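User: Hi! I'd like to walk through this protein with you, one question at a time. Could you start with its core?

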Amino acid sequence: MIMKKNLNWWLIFAGIFVAITVLVLLICILSYKYSVDFRALFGGTDPGSIGKAAQGAETLAQRNERAGWVSLYLFAGIIILQFLCLMVACAIFTDIRKSGENHETKLARIANADIFLDLPLYVGLFGSVSSFMVMSVSSSGGQLIAYSSTLVGIIFSTCMRLALLYPLKSKLIAEEKNQK
């Protein structure tokens, strides 16, 4: 019975993650295709707008467009990874909260699970570092990834600490003091 309940929970978890992934990718791709302003954020241009290429050669606009798509996918991947970090942290802290362990053990497990609250910062750092590779082809797309991935990582990490860690830890500390 417990095994089936855990399997159902993981299937729901996977379904939500797939739905978030598809939604993020769909929004990003459609916005890139149909919004000139959104495309410009990633350095993408209309492939026919800049210069003509010699037979078989790539135009500057085509190169910028390809770099724009790479930037877009990297940006979407970072956002998706941030949501994955959020979902994993929620699962870990829910497991700690619902466990039948004593307060001291729960507090020790919270201290051990602190790394999951830092994962969005590491994903943001990954985005910043990977943006340097994109900057070698398209400086505007790389800058957007560098700044936005770091900012999103900070926001996700802070929100997770405020919404997951603080209430659970406060409750456990209060319950521990009441028992003494």
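Analyst: Happy to, and please keep in mind that this is a predicted model. The largest nonpolar core has 17 residues. Those that touch the most other members are Val24, Cys28, Phe75 and Ile145.

User: Which helix gives the largest share of this core?

Analyst: Helix 1 (2-34), helix 3, helix 5 (115-135) and helix 6 each supply at least two of its residues. The largest share is eight residues, and it comes from helix 3.

User: What is Phe75 in contact with, leaving aside its neighbours within four places in sequence?

Analyst: Phe75 is one of the core residues that touch the most other members. Its contacts beyond those neighbours include Cys28 and Ile145, which are also on that list of core residues. The full set is Cys28, Phe42, Ile145 and Ser148.

User: How many helices and strands does the protein have?

Analyst: From the N terminus on, the elements run α-α-α-α-α-α. The count is therefore six helices and zero strands.

User: How much of the protein counts as buried?

Analyst: Here the cut-off matters: buried means under 20% relative accessible area. The protein has 180 residues, and the share of them that counts as buried is 35%.

User: Is Ser149 buried or exposed?

Analyst: Ser149 is placed in helix 6 (residues 139-179). Its relative accessibility is 3%, so Ser149 counts as buried.

User: Which backbone nitrogen does the side chain of Ser149 reach?

Analyst: Not counting residues up to four places away in sequence, Ser149 touches Ile78, Gln82, Gly124, Gly127, Ser128 and Leu144. One of these also offers the backbone nitrogen in question, which the Ser149 side chain reaches at 3.3 Å: that of Ser128.

User: Where is Ser99, and which side chain does its own side chain make a polar contact with?

Analyst: Ser99 is in the loop between helix 3 (60-98) and helix 4 (103-112). At 15% relative accessibility, Ser99 counts as buried. Leaving aside neighbours within four places in sequence, its contacts are Lys106 and Arg109. The polar contact of its side chain, at 3.2 Å, is with the side chain of Glu101.

User: Now the aromatics. Why is the pair of Phe83 and Phe156 called edge-to-face or stacked?

Analyst: By the pairing rule, the protein has three aromatic pairs. In the pair of Phe83 and Phe156, the ring centres are 5.4 Å apart. Planes over 60 degrees apart count as edge-to-face; the planes of these two rings are at 90°, so the pair is edge-to-face.

User: How many residues apart are Phe83 and Phe156?

Analyst: This pair links distant parts of the chain. Phe83 lies in helix 3 and Phe156 in helix 6, and the separation is 73 residues.

User: Which is it for Phe83, buried or partly exposed?

Analyst: Its partner Phe156 has a relative accessible area of 16%, so Phe156 is buried. For Phe83 the relative accessible area is 25%, so the answer is partly exposed.

User: Over which ring does the charged end of Arg39 sit?

Analyst: Ring pairs link Tyr32, Trp69 and Tyr73 into a cluster. The charged end of Arg39 sits over a ring of this cluster, 5.8 Å from its centre, and that ring belongs to Tyr32.

Technical notes
Residues numbered from 1 in each chain as written. Predicted model: local features only at pLDDT ≥ 70, side-chain atom pairs only at ≥ 80, totals over all residues. Heavy atoms only, no water. Helix = DSSP H or I, 4+ residues; strand = E, 2+ residues; numbered from the N terminus. Buried < 20%, exposed > 50% of the residue type's maximum accessible area, 1.4 Å probe, protein only. Polar contact = N/O pair within 3.5 Å; in protein donor to acceptor, adjacent residues only side chain to side chain. Contact = heavy atoms within 4.5 Å. Core = buried A, V, L, I, M, F, W, Y, C linked by side-chain atoms within 4.5 Å. Phe/Tyr/Trp six-rings, centres within 6.5 Å; stacked < 30°, edge-to-face > 60°. Lys NZ or Arg CZ within 6 Å of the ring centre and 35° of its normal.
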